[in-house]
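Grab your viewer and work through these short exercises. Try each task before reading its solution.

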Amino acid sequence: MNFSYQNQTAIHFGQGQIAKLAKSIDKQHKVLLAYGGGSIKSNGVYQQVLTALKDHAIVEFSGIEPNPSYETTMKAVELVKEENVDFILAVGGGSVVDGCKFIAAAAKFDGEPWDILAKNAPVNAAIPLGVVLTLPATGSESNSFAVVSKLSTKDKFAFGSPYVHPLFAVLDPDVMKSLPDRQLTNGIVDAFVHIMEQYLTYSVNAKVQDRFAEGLLLTLIEEGPKVFSANDDEVRANVMWSATMALNGLIGAGVPQDWSTHGIGHEITALYGLDHAQTLAIILPRMMSEMRKEKQDKLVQYAARIWGITEGDIDKKIDQAIEKTESFFHAVGMKTRFADYNLNEEVVDALVAQLERHNQTAMGERQAVTLERSKRIIRASL
Ligand code: NZQ
Ligand code: ZN
C-alpha cells in the first residue's frame, strides 16, 4: 500500500544520555518539567534532569497519573498559560508522555479541549515537546498518539496529531532498574501487542514490514523473560529499543492495521481500572481465535516463523500459536483472564454497552469485529 513516512523524533539512546537534555532544548525556552507520582525522585532521574537543565528556566508539574486524566492535565494547561511555558519536557512512562501531548495541544486549542478527544476536533498547533522515557512500553516517546481518560464519564479516548510528535526522546535503559516487575511485564506485553495489531491482519506481501515485525516479536520473546532476573544492560537495552520500534510508525507503514484488541482493552481500563497491558493480554488470545478465518494466512505465518509450528492442519497450527502466545504472557508474569482480576460474567454486557456507546461496532482491519463478535471474545476471556 502507498505510504508517506516521517519520524521526527531524535533518539538519544544509552546510558548517561539524559545529559543530552542540556543541548536538546534551546535555552530561550521556558520549560514545563512534567512527571508522574514521584518515581523519578527516588530513582535519581529527576536529579539528572535538573543537572542537565541547570541553565534553563523551569516550571514543574507533577501528579500525572497512570491512564492520565483530562481533569489532571487541564490543571497543567492552566499553569502553562499562566507561566507562558513554550516547551514541555515529559519525564515518565507512557501516561506522562500522553498527558503532556494533550497538555501541549490543549494549551493552543481554541475551544473546549475535550473535543480533541471526544470529537476528533483538529489540532492545528501545539507546544513543542521532548521526552525522557522511564518505562519502555507504549512507543509514545516517538509517535503522534496519546490516550487520555475523563474520570467523570469513564471515557478513555485516543487522539493523534503530528504537532504532538516529540522532537526528541532520551532512552536510557538504566531507568528500567527501578521498575517494579508489574511495569516491566506491562511494557513487554504492550509492545508485543502493538506489533501484533500491525502484523496480524491480512497479507499485502509487505515483506520488509513483516520481517521487521517478526524480528521485534522474537526479540521480546527472547529477552523479555530475562529482564526480571538478569541484571543485564544488554537485555534492558534490547527490550527498550523493541518497545520504541514497535510503535513508531515503521512497521505499520503501508500495511493494514487492526487495533481492535486495544479498542476493547481501553474500555476495560475505563470501567475496571486494569492496567493497559493487562487488558490486552486478556483479549488478544481470544481475538486471535475469533478472527481465525479473516487472519488465517497471517496466523499460519506467525505460527511458523515465530513459534516454529509447521505440522498439522491449519486450525491446529493456529490453536498452538495462540497457546504459545498466552504461555509467553504467563512467562513474563502476565495474567490472561478476567477471573484473575476477580471480574466475572457481569463484565460482558457492561463492556459491550460501553463499546456501543463509543461506536466501536465495526473494529479491525476489515471492520469485521462487530459488537456480537466482541461479545463472544469477551465472554470467552472470562
Ligand atoms: O507516576 P510514577 O511515579 O512515575 O510511576 C509510574 C506509574 O505508577 C511507574 N514508573 C514509570 N517509570 C518508572 C516507574 N516506577 C519506577 N521506576 C521507573 N523508571 O509506572 C507506573 C505506570 O506508568 P504508566 O506511564 O502509566 O505506564 P505505561 O508506560 O504503560 O503507559 C500506559 C498508558 O499509555 C497508554 C495507555 O493506554 C495508558 O494510558 N498508551 C499510549 C499509547 C501511545 N501514546 O501511543 C499506545 C498504547 O497502546 C497505550 O494505549
Ligand atoms: Zn498499547
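**Exercise 1.** Find the residues that aspartate 275 touches, skipping those up to four places away in sequence.

*Solution.* Start with contacts, meaning heavy atoms within 4.5 Å: aspartate 275 touches Arg182, Gln183, Asn186 and Thr269. Next, place aspartate 275 in the chain: it sits in the loop between α10 (260-272) and α11 (276-290). Then check polar contacts (N or O atoms within 3.5 Å, one able to donate a hydrogen and the other to accept it; residues adjacent in sequence count only if both atoms are side-chain atoms). The side chains of aspartate 275 and asparagine 186 make one at 3.0 Å.

Before going on, a note on the setup: this is a predicted model, where local features need pLDDT of at least 70 and side-chain atom pairs need 80 or more, while totals for chains, interfaces and linings use all residues. Residues are numbered from 1 along each chain as its sequence is written, and side-chain values use heavy atoms, without hydrogens and water.

**Exercise 2.** Is aspartate 275 buried or exposed?

*Solution.* Take its relative accessible area, which is 13%. Buried means under 20%, exposed over 50% (1.4 Å probe, protein chains only), so aspartate 275 is buried.

**Exercise 3.** Describe how α7 and α9 pack.

*Solution.* First, the axes (lines fitted to C-alpha atoms over the stretch in contact, angles running from 0 to 180 degrees between N-to-C directions): those of α7 (residues 181-199) and α9 (residues 233-246) come within 9 Å and cross at roughly 35°. Finally, list who meets whom: Ile188, Ala191, His194, Ile195 and Gln198 in α7 meet Val239, Ala243 and Ala246 in α9. By class, that's 6 nonpolar, 2 polar and no charged residues.

Note on methods: Chains are lettered from A and ligands numbered from 1 in the order in which they are written. Helices (H or I, at least four residues) and strands (E, at least two) are DSSP runs, numbered from the N terminus. Ala, Val, Leu, Ile, Met, Phe, Trp, Tyr, Cys and Pro count as nonpolar, Asp, Glu, Lys and Arg as charged, and the others, Gly among them, as polar.
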